[in-house]
Structures are given as C-alpha cells and as structure tokens.
Amino acid sequence: MLIRLAAVPDTQEQMVRLAPEAQQALSLWQARVGEIVTVCDPNHKYYRGRLLADFSSVQVFATLPDTLEPPYRCRICQAIPNRERMIWIIQKGVELGASEIQPIITERSYGMTQEKKIGPRQDKFTTWNKVAAQAARQCRRALLPIVHPPVLLETILQHFSPTEEGWFLDWPGDPTKKMGAWRCDRTLFVGPEGGWSDRERELFQQVKINPITFGSRLLRTETAALVAMVFCMDSDVSFTVA
C-alpha cells in the first residue's frame with residue numbers, strides 16, 4: 001500500500017497533506033513522527049518527505065524517479081528453505097521490486113516430509129515481515145511488500161488467476177519459452193533445493209503455468225528467483241548501490 005499525497009507538490013520543501021487512505025499505509029509501515037518516507041502524488045510521481053507531528057502531512061524535500069516502483073505486480077512464491085536463506089530471499093526480493101512474497105510448502109521443502117504437511121520450525125510470519133519492512137526502508141520503496149503465511153503449493157494453484165502470468169523455475173526446463181518483458185502481473189514459482197517433484201510439475205501443467213530455465217547451470221533456490229526478476233525487469237528500471 002502506497003503512502004499517498006492529497007495534492008501534487010508545487011515546490012520543494014513544501015508541506016503537503018496526506019490523502020485519507022494514507023493513514024492505513026502509515027500504520028502498516030509503523031511510521032514514526034519525523035521519519036523520512038517515500039510518498040506518491042495523484043499523478044503517480046514519487047517524493048521523499050518527512051512525516052510531521054500531526055500524521056496528516058509531510059514536508060516534501062526531494063523528487064524521485066518515476067520508475068521507483070515497477071508498473072506491474074511481481075509475486076514470488078518461494079518453496080521454504082532454511083531460515084537464513086529465506087531471510088536472504090526476502091531481503092533481495094524486496095530490493096529488486098517484488099510486490100509480495102508467498103512462502104510455499106512443497107514435497108521437498110526444508111523441514112517437510114510427505115507424511116506431515118507442516119512447515120519448518122522457524123519464526124516465520126513476524127520475522128519475515130520485519131525483514132521485508134527493513135529492506136523496503138533501506139531501498140526507499142514506496143510500496144511495502146507483504147510476506148504471507150506459508151501455504152501448500154496446491155492451495156496457491158487452486159486459486160491461481162487465469163489472467164495472471166505464471167512461470168515455474170525448473171532445470172533444465174524449456175529453453176524455447178521466453179518470459180519476455182515485464183508487461184503484466186507475474187508470479188514466479190521457485191522450487192526447493194531438491195527440485196520439483198513429478199507430481200508438482202503435473203499440477204503446474206494443469207493450470208497452464210509454464211517452466212522456464214536460464215541455461216544449463218543449476219542455480220541455488222535463493223539465487224533462482226532473483227535471477228528471474230532481473231531477466232523480466234523493465235529496461236527503464238535502474239539501481240543505485242547504497
């Protein structure tokens with residue numbers, strides 16, 4: 001959710017009121033008085049501003065590039081690895097522009113057995129969202145990505161929208177299929193360290209989600225989603241090292 005301005009700033013160092021719906025976004029961000037936040041005006045331009053004491057306005061002081069946020073949603077559905085790798089995936093996924101991250105439980109997920117459909121024992125939901133918020137603040141995201149509670153892969157596929165573009169990363173995959181430029185909402189399914197099972201590949205085929213590969217090199221699970229995001233990134237998106 002964006003922190004939206006009620007009007008377009010005329011000049012720098014201007015106090016601008018926030019739109020009424022900005023209060024919900026400020027609550028999600030757990031913003032504090034005096035904090036510098038990224039805000040969005042009615043023309044969808046981005047600024048940096050300092051949150052004032054009344055929580056209803058900001059002091060705008062800098063204009064940001066129009067390409068700060070991708071124009072389309074990118075959801076990462078990540079088979080859960082161990083704790084350290086999952087935190088790394090969340091951090092870097094947020095930095096690269098993921099709109100949301102959905103941890104999924106697969107047959108070969110870390111800590112899983114086929115007999116017990118339970119997730120790994122790690123401080124999942126609260127810690128993961130704190131990591132996402134910290135990464136979003138560090139890279140000045142306007143949108144706060146949400147990390148959802150883990151669910152079974154089957155559950156996600158049962159509710160997968162036919163209007164959404166989906167790809168599952170596989171090896172060797174099909175080198176003739178190309179993702180192309182990022183021109184619509186997209187979901188990337190990233191498998192566990194042991195790879196997808198044959199049954200899971202059949203489930204993807206049933207909902208017409210295609211396999212994609214990036215060559216003959218076998219990537220770690222924490223690398224695969226990030227490589228896919230860079231490949232499908234709009235050419236207008238640029239990065240600055242901080």
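Hi everyone, let's start with the strands. Strand E1, residues 14–17, runs antiparallel to strand E4, residues 57–63, and four bridges join the two. Keep in mind as we go that this is a predicted model. In that pairing, you can find Arg-17 standing opposite Ser-57 in E4.

E4 also has strand E3, residues 46–51, as a partner: they are antiparallel too, joined by five bridges. Here Gly-49 faces Val-60 of E4. If you look at the hairpin that E3 and E4 make, there are five residues between the strands, and one of them to check is Phe-55, with a positive phi near 60 degrees.

Gly-49 brings me to Glu-35, since the two are in contact. Where does Glu-35 lie? It is in the loop between helix H1 (22–29) and strand E2 (36–40). And is Glu-35 buried or exposed? Buried: its relative accessible area is 12%, and the cut-off for buried is under 20%. Its side chain reaches the backbone nitrogen of Arg-32 at 3.0 Å. Setting aside neighbours within four places in sequence, the contacts of Glu-35 are Gln-30, Gly-49, Arg-50, Leu-51 and Arg-137.

Last stop, for those of you who like pockets. The second largest one has a volume of about 480 Å³. It is lined by 25 residues, and those closest to its centre are Asp-170, Trp-171, Leu-218, Leu-219 and Ala-224. Which helix gives the most to that lining? That would be H6, residues 221–232, with four residues. Split by class, the lining of this pocket holds twelve nonpolar, seven polar and six charged residues.

Thanks, everyone!

Note on methods. Residues are numbered from 1 along each chain as its sequence is written. This is a predicted model: local features need pLDDT of at least 70, side-chain atom pairs count only at pLDDT 80 or more; totals for chains, interfaces and linings use all residues. Side-chain values use heavy atoms; hydrogens and water are left out. Buried means under 20% relative accessible area, exposed over 50%, partly exposed in between (1.4 Å probe, protein chains only). A polar contact is a pair of N or O atoms within 3.5 Å; within protein, one must be able to donate a hydrogen and the other to accept it, and residues adjacent in sequence count only if both atoms are side-chain atoms. Contact means heavy atoms within 4.5 Å. Two strands pair if DSSP finds at least two bridges between them. On a 1 Å grid over the protein atoms alone, a cavity is a set of points where a 1.4 Å probe fits but cannot get out, and a pocket is an open set with protein on both sides within 12 Å along at least five of seven lines; lining residues have an atom within 4 Å of a point. Grid points are joined across faces, edges and corners, and a volume is the space filled by probe spheres set on the points. Ala, Val, Leu, Ile, Met, Phe, Trp, Tyr, Cys and Pro count as nonpolar, Asp, Glu, Lys and Arg as charged, and the others, Gly among them, as polar.
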